[in-house]
Amino acid sequence: MLASADYVEVSESEWKALLPSYGHAAHVMVYSTWPGRFMDKYEHKFAVSMQLRFDGTLGFPGGMVDSGETPETAAGRELAEVYYSY
């Protein structure tokens, strides 16, 4: 549980005013129920879509919010870039 001293809540107008000096990112977790076994060995109930990031770690699809773009639009654009770029 986070204490109130651990974070600061900002309004939409406040974070939009910060965009020129700070970046704002939008990421999406995509999951689906998928009961069964993986490689006939590991039991699973869900599948989660992740991608290999530039720094060698796994992460959720996403990226930076462009100027004039909402976080929802940015998340949709990033998903399209990941899943429809092949």
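1. Asp40 lies in the loop between E2 and E3, where helices (H or I, at least four residues) and strands (E, at least two) are DSSP runs numbered from the N terminus. Asp40 is not a glycine, yet its phi is positive, about 55 degrees. At 72% relative accessibility Asp40 is exposed; the classes are buried under 20% relative accessible area, exposed over 50% and partly exposed in between (1.4 Å probe, protein chains only).

2. The model is predicted: local features need pLDDT of at least 70, side-chain atom pairs count only at pLDDT 80 or more, and totals for chains, interfaces and linings use all residues. Residues are numbered from 1 along each chain as its sequence is written, and side-chain values use heavy atoms, with hydrogens and water left out.

3. Met39 is found in the loop between E2 and E3 as well. Met39 is also not a glycine and has a positive phi of about 55 degrees. With a relative accessible area of 63%, Met39 is exposed. The hairpin of E2 and E3 has three residues between the strands.

4. The two strands of this hairpin are E2 (residues 30–38) and E3 (residues 42–49), and they pair in the antiparallel sense over seven bridges. Pairing here requires that DSSP finds at least two bridges between two strands. One of the bridge partners can be named: Thr33 is matched with Phe46 in E3.

5. His44 lies in strand E3 and is buried, with a relative accessible area of 14%. Not counting residues up to four places away in sequence, His44 touches Trp34, Pro35, Gly36, Arg37 and Phe38; contact means heavy atoms within 4.5 Å.

6. A polar atom of the His44 side chain lies 2.5 Å from the backbone oxygen of Trp34. A polar contact is a pair of N or O atoms within 3.5 Å; within protein, one must be able to donate a hydrogen and the other to accept it, and residues adjacent in sequence count only if both atoms are side-chain atoms.

7. For the whole protein, the count is two helices and six strands, in the order α-β-β-β-β-β-β-α from the N terminus on. Of its 86 residues, 15% are buried. Among contacts with a separation of 6 or more, 36% join residues 24 or more positions apart.

8. The exposed surface of the protein is about 7200 Å², of which carbon and sulfur atoms supply 59%. Accessible areas come from the Shrake-Rupley method with a 1.4 Å probe; for residues, only the protein chains shown count as cover.
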